[in-house]
Amino acid sequence: MTAKKNLGIVGARGHTGAELIRLVAGHSQLALAFVSSRELDGQRVSDHVGWFSGDLRYENLDAGAVAAKGADAVVLALPNGKASGYVQALDSVAADTVIVDLSADHRFDDRWYYGLPELTRGQYRGQRRIANPGCYATAMQLAIAPLAGCLAGPPQCFGVSGYSGAGTTPSDKNDIAKLRDNLMPYALVDHLHEREVSRQLGLPVEFIPHVAPHFRGITMTVNLWLQEPMTREAIRGRYVERYADEPLVAVVDDAPWVSRIAGRHGVEIGGFAVAPGGRRVVIVATLDNLLKGAATQAMQNLNLALGFDEFAGIPLQHEGEAAA
C-alpha cells in the first residue's frame, strides 16, 4: 500500500474548502497537515465541518509559512488572483509539493496540467502543478465532448447554479433575499468559463450563466447543431460509449434534475432531445458545483498525482447506478 500523504488546504473557510476537508477525513491514505483561514484562525476544524474529528485548528498562514510546512500536497481554495504568492513560495522551497489550484489563475497556463480527468487523464505525465477546472466548465465540457467533432456551430450553453457558487463573500449572487423567487442572469458574454471551455475543447462556445435560489447544484442545458443528421439513439450511444468506464458520469434517458445531484459526487447527462430534421440536439448535464465542480474533482487530481487510486476517498454509491 502506498504510504500515507499529508495535505494542506489554503482558503479552507469557504464552501469548497469544507467539502474537501470532509473528503480528506474519509480518505484512508491522506491526512490533513494544516488548514489555513484568516477568518477562522485558532478555531477547531471540528466546530465547523461535520464528520471531522480531532483537535486540528485553522491557522492564518502566509505563503512562506505554507511552504515551510512541507506537505506532500497543497490545495489552494482561494479567490481568483490570489494564488501566485503561494505558488512562488512553494516553487522556491518545496518544488516537489503537488499544488492543486481551484481558482482560474492557472487554467490558461500550458505549464500546468488541466485536470478534468474524464477528458484529460491521458495528458497527465506526473505534473506537480494542477489547475482544477471551473464548475460550469466541467458541466459544459462533459456535455459537449462526445459530439465535439460533429458540430456545425458554437454550442449554446444555458447554465443555472445554486448560490453557493458565488462563494461566501456577500454579493447579490448569494443574497438569499434578492434571489427569492428570482433567477439572476449575469456575465452574459465573455464569461471566464466560456473562454476556458473554448480553449479546452478547441472550438467557440457560447455561455449564458444564471444563479438561482437553491444552495448547490448546476443545471447546464446545451443546444448543439450537428453537421449531419443523427438519431437520438446514435447520439445517446456516443455518450454511453464515451463514459462507459467513468464511475462519476451517469448517462440517463430523461433530462436530469438538479435536486437529484445535490450532495452527490458525479455528473448526470441526459435529455438527448432531437429536433425534426435530426441536426439539432439539446442535452442537459447536472452536477454539484461544490463536489464534482470543485472538491471531488480536486480529490481525483490529488489521487492521480500522489499515486493513489483516482477514486480513493470518493463515495461512489450513488454514481454509476443510472449509467447505461
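The questions below concern the sheet and the largest pocket of this predicted model.

Local features here need pLDDT of at least 70, side-chain atom pairs count only at pLDDT 80 or more, and totals for chains, interfaces and linings use all residues. Residues are numbered from 1 along each chain as its sequence is written, and side-chain values use heavy atoms, with hydrogens and water left out.

Q: Why are strand 5 and strand 7 called paired?
A: Strands, which are DSSP runs of E with at least two residues, numbered from the N terminus, pair if DSSP finds at least two bridges between them. Strand 5 (residues 98-101) and strand 7 (residues 129-131) have 3 bridges in the parallel sense, so they meet the definition. Within this pair, Val100 stands opposite Ile130.

Q: What makes strand 3 and strand 6 edge strands?
A: The open sheet of 7 strands runs in the order 3-2-1-4-5-7-6, with parallel pairing, and strand 3 (58-59) and strand 6 (113-114) each pair on one side only.

Q: Why is the largest pocket called a pocket rather than a cavity?
A: On a 1 Å grid over the protein atoms alone, a cavity is a set of points where a 1.4 Å probe fits but cannot get out, whereas a pocket is an open set with protein on both sides within 12 Å along at least five of seven lines. About 1,300 Å³ of space lies in this one, a volume being the space filled by probe spheres set on points joined across faces, edges and corners.

Q: Which residues line the largest pocket nearest its centre?
A: Lining residues have an atom within 4 Å of a point; there are 47, of which Ala77, Leu78, Pro79, Asn80 and Gly167 lie nearest the centre.

Conventions. Helix = DSSP H or I, 4+ residues; strand = E, 2+ residues; numbered from the N terminus.
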